[in-house]
Amino acid sequence: MLLSQSFRKTNHIFDKKYPLNIPFVSLKKQHNDIEKQLISALQDVLENSSFILGNEVDSFEKKYATYSGTKYCIGIGNGTDALKISLRALDLNKDDEVILPVNSFIATAMAVTAVGAKPVFSDIDENTLNLSVTEAKKHLSKDTKVIVPVHLYGTPCSMDNLLEMANNQNIHVVEDNAQAQGATWNEKKTGSFGLVNATSFYPTKNLGALGDAGAITTDSFDIYKKACLLRNMGSSIKYLHESDGYNSRLDSLQAAFLSIKIDYLDRWNEERQKIASRYKSNLLNCKHIRLPQQKNSVYHILALLAEDRNELAAFLLKKNIQTLVHYPIPIHLQPAFKYLGYAKGDFPIAEQQAQELISLPLYIGMSNEEIDYVCENVIKFYN
Ligand SMILES: *Cc1c(COP(=O)(O)O)cnc(C)c1O
């Protein structure tokens with residue numbers, strides 16, 4: 001970061017128009033600011049030398065449960081396993097169906113198949129880009145056991161009607177909160193609505209470890225006990241295995257890093273919101289861009305809908321601006337799920353939006369100058 005800052009300064013002295021170099025994401029700034037704390041946490045873990053499920057894990061679990069407003073948190077090896085273990089803890093059977101949005105990271109669906117249940121996809125809301133409850137209702141069957149709202153891009157799903165539907169149908173809610181740590185719906189944190197909820201601390205998430213990590217949050221003591229066993233090969237007493245399980249424990253080192261970083265999460269989320277609102281006001285009058293409705297979003301990703309998306313992305317890349325698409329192929333059209341028998345045309349909203357979605361750079365430490373440079377070039381492309 002220091003290097004690139006001085007690089008930029010030098011260039012501006014010579015040529016104000018010299019293009020900046022804007023990656024899609026950079027984690028350097030957030031870590032530079034807390035580097036001393038991270039290194040001292042590493043030294044503490046070395047000193048304690050309890051590397052798996054050590055005290056650091058206990059104390060992070062307490063901290064994250066308190067932060068989330070849930071009774072329990074169980075540290076897990078990664079977000080995908082946190083989803084798998086959440087579903088396993090509900091004792092799903094082979095024909096049980098799990099409804100999930102067709103636009104999400106593939107892990108949401110792979111967690112369902114990994115536990116032997118059947119993923120049933122639903123189209124999304126064209127304005128919020130999240131799971132549409134109206135659409136989800138069309139896919140209810142006698143085998144529906146679970147619905148998985150994904151707070152995609154950091155935007156909380158509209159939970160009122162979703163919870164009401166789940167209640168009426170007697171199905172469980174399992175939130176995929178991998179992209180929305182710190183977001184709230186009606187003043188209540190995402191990841192605290194479902195019977196059991198999963199999150200990921202993959203490094204680029206709003207709360208990210210320095211490697212793979214994840215967690216489950218729940219108010220249920222029964223689920224808490226089951227998840228503790230499942231993450232540790234069915235064992236709570238060494239070499240006594242009460243149930244089947246996995247090896248998916250949270251490292252003490254990652255827990256120690258997360259305990260430091262969680263104190264910055266609200267600040268970082270506010271910064272993400274400021275960056276997003278600058279982007280949105282810069283692009284408000286560009287009629288070739290559509291801005292989604294993202295009430296109370298913590299902007300894990302800044303996703304917009306753009307005309308001529310591929311050409312725009314190529315144009316921006318030439319200007320040293322890196323963009324991505326979340327996600328280019330809706331899950332039902334992924335080769336991995338061909339066997340489920342879905343076809344093109346099954347989910348028209350998600351399929352259409354997959355052609356238009358573009359995610360612009362957004363990361364902690366991004367300057368106004370950088371945001372404006374991206375926006376200027378978006379506008380320049382359409383002119
Ligand atoms: C990142 C992510 C996951 C999976 O997390 P990992 O820690 O990478 O396994 C699951 N669901 C969503 C929506 C994600 O963004």
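**Empty spaces and a nonpolar patch**

Author: In this predicted model, the largest cavity has a volume of about 30 Å³. A search of the whole structure turns up one cavity of 30 Å³ or more.

Reader: Why is this space called a cavity?

Author: Because a 1.4 Å probe fits there but cannot get out, which is what the word cavity stands for here. Its lining is made up of Tyr64, Ser68, Asn177, Thr190, Gly191, Thr199 and Thr217.

Reader: What makes that lining polar or nonpolar?

Author: Six of the lining residues are polar, one is nonpolar and none is charged. Tyr counts as nonpolar and Gly as polar, so Tyr64 is the nonpolar one and Gly191 goes with the polar ones.

Reader: And what about the largest pocket? How much space lies in it?

Author: About 530 Å³. The pocket has 29 lining residues, and Phe105, Tyr202, Thr204, Lys205 and His300 are the closest to its centre. Helix H5 (79–88) and helix H6 (107–114) each give two or more residues to the lining, with H5 giving the most, three. By class, that lining has 15 nonpolar, ten polar and four charged residues.

Reader: Where is phenylalanine 51, and why is it called partly exposed?

Author: Phenylalanine 51 sits in the loop between helix H3 (35–48) and helix H4 (55–68). Its relative accessibility is 42%. Buried means under 20% and exposed means over 50%, so phenylalanine 51 falls in between and counts as partly exposed.

Reader: Which residues form the nonpolar patch on the surface?

Author: Leu42, Leu46, Phe51 and Ile52, with about 350 Å² of accessible area together. Patch residues need over 30% relative accessible area, so Phe51, at 42%, passes that cut-off.

Note on methods: Residues numbered from 1 in each chain as written. Predicted model: local features only at pLDDT ≥ 70, side-chain atom pairs only at ≥ 80, totals over all residues. Heavy atoms only, no water. 1 Å grid on protein atoms, 1.4 Å probe; cavity = no way out; pocket = protein on both sides within 12 Å on 5 of 7 lines; lining within 4 Å. Points joined across faces, edges and corners; volume = space filled by probe spheres on them. Patch = residues over 30% accessible without salt bridge, like charges linked within 9 Å, V, L, I, M, F, W, Y side chains within 5 Å. Areas by Shrake-Rupley, 256 points an atom, 1.4 Å probe, with all protein chains shown as cover. Salt bridge = Lys/Arg side-chain N within 4 Å of Asp/Glu carboxyl O. Helix = DSSP H or I, 4+ residues; strand = E, 2+ residues; numbered from the N terminus. Buried < 20%, exposed > 50% of the residue type's maximum accessible area, 1.4 Å probe, protein only.
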